[in-house]
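Visitor: I am new to this structure and would like a close look at one part of it. Could you take me through a single sheet, strand by strand, and then show me what lies around it?

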Amino acid sequence: MNAKNPSIDLNNRGTLTEDAGLSTAPVPLEPYRSASFYAQEVDRVFKRAWLLMARVEELPEIGSYIVKDIPPCKVSVLITRSKNDKIQAFYNTCSHRGSKLTTENQGKKGRFVCPYHQWTYSNEGDLIGIPDQANFFDVDKKKCGLTPIATDTWEGWIFVNLQPQPEVTLERFLGPMKDYMANFKYPGADNPVVFKAKLDANWKVVSDAFIETYHIPCIHPQTIGTTFSSKLNPHARLLDARTLGPHQAVSMFGNADYTLDPKNKAEMLGHSGGEAGSVIAAANKEKAAEFIAHPAVNPTSSSYWSMDVNLIFPHIHIDCGPGGFWTHYFWPLSPNTSLYQGRFYMEPATTIRGRFLQEMYISRVADVILEDLVNVARTQEGIDTGGKQFMQLQDSEFGIRHSTTQIIKWVESDTVEDALS
Amino acid sequence: MTINATTKLLPEGYEALESFVPKWVKDTSAERMTERATSTMAEIQTFYNAILPLADDAMALIDNYPIDDMPDDIACLCKLVLALPQVAMAVELHGQPRLPNTPYPHGIELLRGTPPFG
């Protein structure tokens with residue numbers, strides 16, 4: 001974000017949708033409820049795409065490990081940082097009888113011992129111990145290591161790919177997103193506040209709810225409504241949106257006139273001596289200033305900016321705001337349920353007032369998630385009736401149109417290269 | 001926490017808040033969230049009314065100590081102050097303990113907070 005652009009005229013411009021070359025036709029609802037579409041989505045999207053799983057800060061030192069699930073594919077992934085500082089993912093599955101190897105979610109270990117019969121593996125995946133090996137029949141230890149999963153990193157984000165030989169590299173998969181978000185200085189990357197929720201909605205219904213602002217004055221009037229809309233832009237039209245291969249970046253309007261409401265006395269207390277600001281910022285001005293200096297943060301350099309959603313296909317949002325960044329993971333569980341995880345990154349507070357503002361932020365985030373949780377369940381109920389075949393999308397719902405179009409394209413493409421072309 | 005009658009839970013000047021310690025002093029944000037969600041509006045309002053006028057001075061006092069190494073009475077006061085944002089959501093935004101028109105329990109889990117006392 002460089003010189004701020006104080007002008008705003010969202011009425012007299014071309015549409016973002018048409019400028020990006022997207023269709024303006026209604027978008028089908030069948031992908032949001034169909035069991036057969038869901039099965040194809042699992043096979044052709046989640047088993048073929050590179051999937052963002054974690055940040056490297058979750059593996060802070062040699063020997064660190066984390067376990068993450070890919071729920072739609074029923075895969076538990078063990079990710080280790082081994083002695084050559086190599087980050088590698090494995091199926092969390094013992095080579096002996098296929099038992100789940102570790103049931104802990106994170107820690108530090110040089111070796112992993114299967115609880116069933118104590119087969120033992122190094123954190124490089126090698127099988128190093130079989131109790132009573134003499135009683136087996138020529139078992140070849142070298143062939144019985146943990147099964148690796150293709151792993152790569154980009155800008156501190158760890159990706160895996162469930163294809164035994166991925167059809168495309170991570171670089172090819174990221175396409176223009178690779179450079180667009182290069183060299184981000186993510187503040188507080190080692191200190192996320194983490195929320196999890198099981199939602200009664202297709203994962204795309206949830207992702208869609210987090211990528212458009214058209215709903216904000218309606219669904220979040222108390223919690224964040226005044227941050228995103230004002231008389232200048234009462235329906236919270238988008239500042240900008242662009243496709244980046246299957247990925248995309250959406251920049252949202254913010255109410256520059258937003259000031260602390262004196263009736264919000266607790267919030268006033270947190271800000272006393274400091275400056276006012278958006279309720280979706282997580283504090284620490286210095287690190288935040290460095291972060292928002294990046295050209296892909298507030299890409300139109302608008303004075304009326306609240307946040308950006310950067311969607312990493314298929315199921316991750318990396319969101320940027322004036323106070324830093326946060327991520328949403330939307331994992332499919334079934335055609336109409338999903339697992340949500342939100343990770344809100346913040347520098348550990350150095351003063352109690354800073355910590356107080358973080359607590360304020362956390363309580364507000366929890367209520368916003370709760371508002372969305374109720375809303376997405378209601379949306380899914382409506383979709384599941386089968387009464388409607390299409391949704392009507394307006395220009396501010398650009399993000400929904402692009403992501404659904406891309407999902408359908410991946411489902412219909414025989415190769416990943418076709419899907420990306 | 002064991003409550004010992006001979007030691008004071010809170011620093012001098014904050015005796016008026018002692019009666020709120022058992023209910024509102026929590027170690028994590030998740031527990032604070034649950035406490036607000038399962039309290040009556042009268043309980044929330046009484047605590048809010050008591051702590052709001054003292055919170056500014058309390059934060060000035062707490063800031064005299066390292067944020068990661070507070071004496072027990074200061075840490076206790078700190079946890080009490082950190083309960084204010086939660087109850088403020090109820091008092092200042094919703095006018096009721098929980099977000100209107102939402103279920104409880106709601107299935108949202110706070111898995112990890114931020115230090116201290118997150």
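Guide: Let us begin with a term: two strands are said to pair if DSSP finds at least two bridges between them. With that in hand, here is a first example: A:Ile66 stands opposite A:Ile79 in β4(A). Please keep in mind that this is a predicted model.

That pair of residues belongs to a longer match. Strand β3 of chain A, residues 64–70, and strand β4 of chain A, residues 75–81, run antiparallel to each other and are linked over six bridges. Another of the partnerships joins A:Tyr65 with A:Thr80 in β4(A). The two strands form a hairpin with four residues between them, and there A:Lys74 takes a positive phi near 55 degrees. As background, most residues other than glycine have a negative phi.

Now look at the other neighbour of β3. β3(A) also pairs with β6(A), again in the antiparallel sense, over three bridges. Here A:Ser64 is set opposite A:Lys108 in β6(A). How enclosed is β3(A)? Six of its seven residues are buried, so the strand is largely enclosed by the rest of the structure.

On β4 of chain A, a good residue to pause at is A:Ser76. Is A:Ser76 buried or exposed? Its relative accessibility is 14%, and because buried means under 20%, A:Ser76 counts as buried. Leaving aside residues up to four places away in sequence, A:Ser76 touches A:Val67, A:Lys68 and A:Asp69, along with A:Phe90, A:Tyr91, A:Asn92 and A:Lys100.

Stepping back, we can place these strands in their sheet. Seven strands of chain A make up an open sheet, in the order β2-β11-β10-β5-β4-β3-β6, with antiparallel pairing. Which strands stand at the edges? They are β2 (51–55) and β6 (106–108) of chain A; each has a single partner strand, so one side of each is left without a neighbour in the sheet. From one strand to the next, the twist averages 30 degrees. In general, strands of a sheet pair through backbone hydrogen bonds.

The edge strand β2 leads us to a helix. Together with α5 (203–209), β17 (324–334) and α11 (398–412) of chain A, β2 is among the elements that cover the buried residues of α2(A). Those buried residues are A:Phe37, A:Tyr38, A:Glu41, A:Val42, A:Val45 and A:Phe46. Seen down the helix axis, they fall within an arc of 145 degrees, so they line one face of α2(A). Helix α2 of chain A covers residues 35–46; at 1.5 Å a residue its twelve residues should span 16 Å, and the end C-alpha atoms are 15 Å apart, which agrees.

β3 also takes us to the core. The largest nonpolar core has 113 residues, and those with the most contacts inside it are A:Ile70 and A:Phe195. Helix α10 of chain A, residues 352–384, gives the largest share of this core, with ten residues. What does A:Phe195 touch? Not counting residues up to four places away in sequence, its contacts include A:Tyr340, A:Phe344, A:Ile362 and A:Ile369 in chain A, and B:Met33, B:Ile108, B:Glu109 and B:Leu110 in chain B. There is also a second, separate core of 39 residues, with B:Met70, B:Ile74, B:Leu82 and B:Ala88 among them.

From here we can visit β12(A), a strand that is mostly covered, with six of its eight residues buried. β12(A) pairs in the antiparallel sense with strand β18 of chain A, residues 337–345, over eight bridges. In that pairing A:Leu199 is opposite A:Ser338. β12(A) is also paired with β1(B), antiparallel and over four bridges. There the bridge partner of A:Lys196 is B:Glu109.

One last stop is the loop between α4 (177–180) and β12 (192–199) of chain A, where A:Asn183 is found. Phi of A:Asn183 is near 65 degrees, a positive value in a residue other than glycine. This residue, A:Asn183, is exposed, with a relative accessible area of 55%.

How values were computed. Residues are numbered from 1 along each chain as its sequence is written. Chains are lettered from A and ligands numbered from 1 in the order in which they are written. This is a predicted model: local features need pLDDT of at least 70, side-chain atom pairs count only at pLDDT 80 or more; totals for chains, interfaces and linings use all residues. Side-chain values use heavy atoms; hydrogens and water are left out. Axes are lines fitted to C-alpha atoms, for helices over the stretch in contact, and angles run from 0 to 180 degrees between N-to-C directions. A nonpolar core is a set of buried Ala, Val, Leu, Ile, Met, Phe, Trp, Tyr and Cys residues joined through side-chain atoms within 4.5 Å. Buried means under 20% relative accessible area, exposed over 50%, partly exposed in between (1.4 Å probe, protein chains only). Contact means heavy atoms within 4.5 Å. The expected span of a helix is 1.5 Å times one less than its number of residues. The arc is that of the directions from the helix axis to the C-beta atoms.
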